[in-house]
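Q: Could you take me through this protein chain feature by feature, giving the general idea before each case?

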Amino acid sequence: HRDLHSFPPRRSSDLEAGFPFSTEGDEPRFVSRGCSAVGVADQAHPLTRGQLEIWLAQQTGRFDTAWQLGVLVRIKGVINPGLLHQAIRQVVDEAESLRTSIFEMDGQVFQTALDSPEVALPFHDLRGSHDPMQEVQAMASAIQRTPMPLSGPPVRFALFQTRADEFYWFACAHHIAIDGL
């Protein structure tokens, strides 16, 4: 029995039978086995010791959302939600840790970076609300308390407009992906 941390990275060129990839076409593609998005996978790596500890703790069900970290940012001024969404997608595309998918195979736990996963930016116009700040905080809290599947991507975002010139941007990331950033 080998320790998870002693395994070398698995490359698409040396995939074993049963590894969760399809080799149809020119590039191997990640398929299912717990992944919510399909993307090209060049490598799969074992989890770091810290990631494995978080994964094991989450598997017990006792810490489902305790590992999800959120930040709420006030933006004074007028912004274009479409451009913000485009910028967020670019950042996620460029940062592998924000595209991480974690999966189990044959008793081992691996991670890989998804290729261009869908990243939503729900927009909530709260300008007509009696207490928009209370609604922002309640909705952000609900997003953070909703369990995030480790099949990726391990980030969530939301944009709230409270006045013509005031927005709140909420970002939530799973600790397993942002530890060390």
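A: We begin with naming: helices (H or I, at least four residues) and strands (E, at least two) are DSSP runs, numbered from the N terminus. Helix H1, for example, is followed by Gly61, whose phi is positive, near 85°. The model is a predicted one, in which local features need pLDDT of at least 70 and side-chain atom pairs count only at pLDDT 80 or more, while totals for chains, interfaces and linings use all residues. Residues are numbered from 1 along each chain as its sequence is written, and side-chain values use heavy atoms, with hydrogens and water left out.

Q: Which element has the lowest mean pLDDT, and which the highest?
A: The pLDDT is the predictor's confidence in each residue, from 0 to 100, and where it is low, the predicted coordinates should not be read in detail. Here the protein chain averages 79, with 75% of the residues scoring at least 70. Among the elements, strand E2 (residues 21-22) has the lowest mean, 34, and strand E8 (residues 123-125) the highest, 98. Over residues 1-42 the pLDDT is below 50, although this stretch has 82 contacts in the model beyond near neighbours in sequence, a contact being heavy atoms within 4.5 Å.

Q: Which residues of H3 are buried, and which are exposed on the other side?
A: Buried means under 20% relative accessible area, exposed over 50%, and partly exposed in between (1.4 Å probe, protein chains only). In H3, Pro132, Val136, Ala140 and Ile143 are buried. These four lie on the same side of H3 because they cover an arc of only 65° around the axis, where the arc is that of the directions from the helix axis to the C-beta atoms. On the other side of H3, Gln134 and Arg145 are exposed. The cover over the buried residues of H3 includes strand E5 (68-76), strand E9 (155-163) and strand E10 (166-174).

Q: How many aromatic pairs are there?
A: A pair of aromatic rings is described by the distance of the centres and the angle of the planes. Rings of Phe, Tyr and Trp (its six-membered ring) pair if their centres lie within 6.5 Å, and planes under 30 degrees apart count as stacked, over 60 as edge-to-face and the rest as tilted. By this rule the count comes to two. One of them joins Phe157 and Trp169, which are stacked at 5.9 Å centre to centre with 5° between the planes. This pair links distant parts of the chain, with Phe157 in E9 and Trp169 in E10, twelve residues apart. Phe157 is buried at 11% relative accessibility, whereas Trp169, at 22%, is partly exposed.

Q: With which side chain does the side chain of His174 make a polar contact?
A: A polar contact is a pair of N or O atoms within 3.5 Å; within protein, one must be able to donate a hydrogen and the other to accept it, and residues adjacent in sequence count only if both atoms are side-chain atoms. The side chain of His174, a residue of E10, makes such a contact with the side chain of Gln58 (2.6 Å). His174 is buried at 0% relative accessibility, and Gln58 is among the buried residues of H1.

Q: Where does a peptide bond have the cis form?
A: Most residues other than glycine have a negative phi, and most peptide bonds are trans. A cis bond joins Gly152 and Pro153, with omega about -10°, and Pro153 lies in the loop between H3 and E9. Asp106, which is not a glycine, has a positive phi of about 55°.
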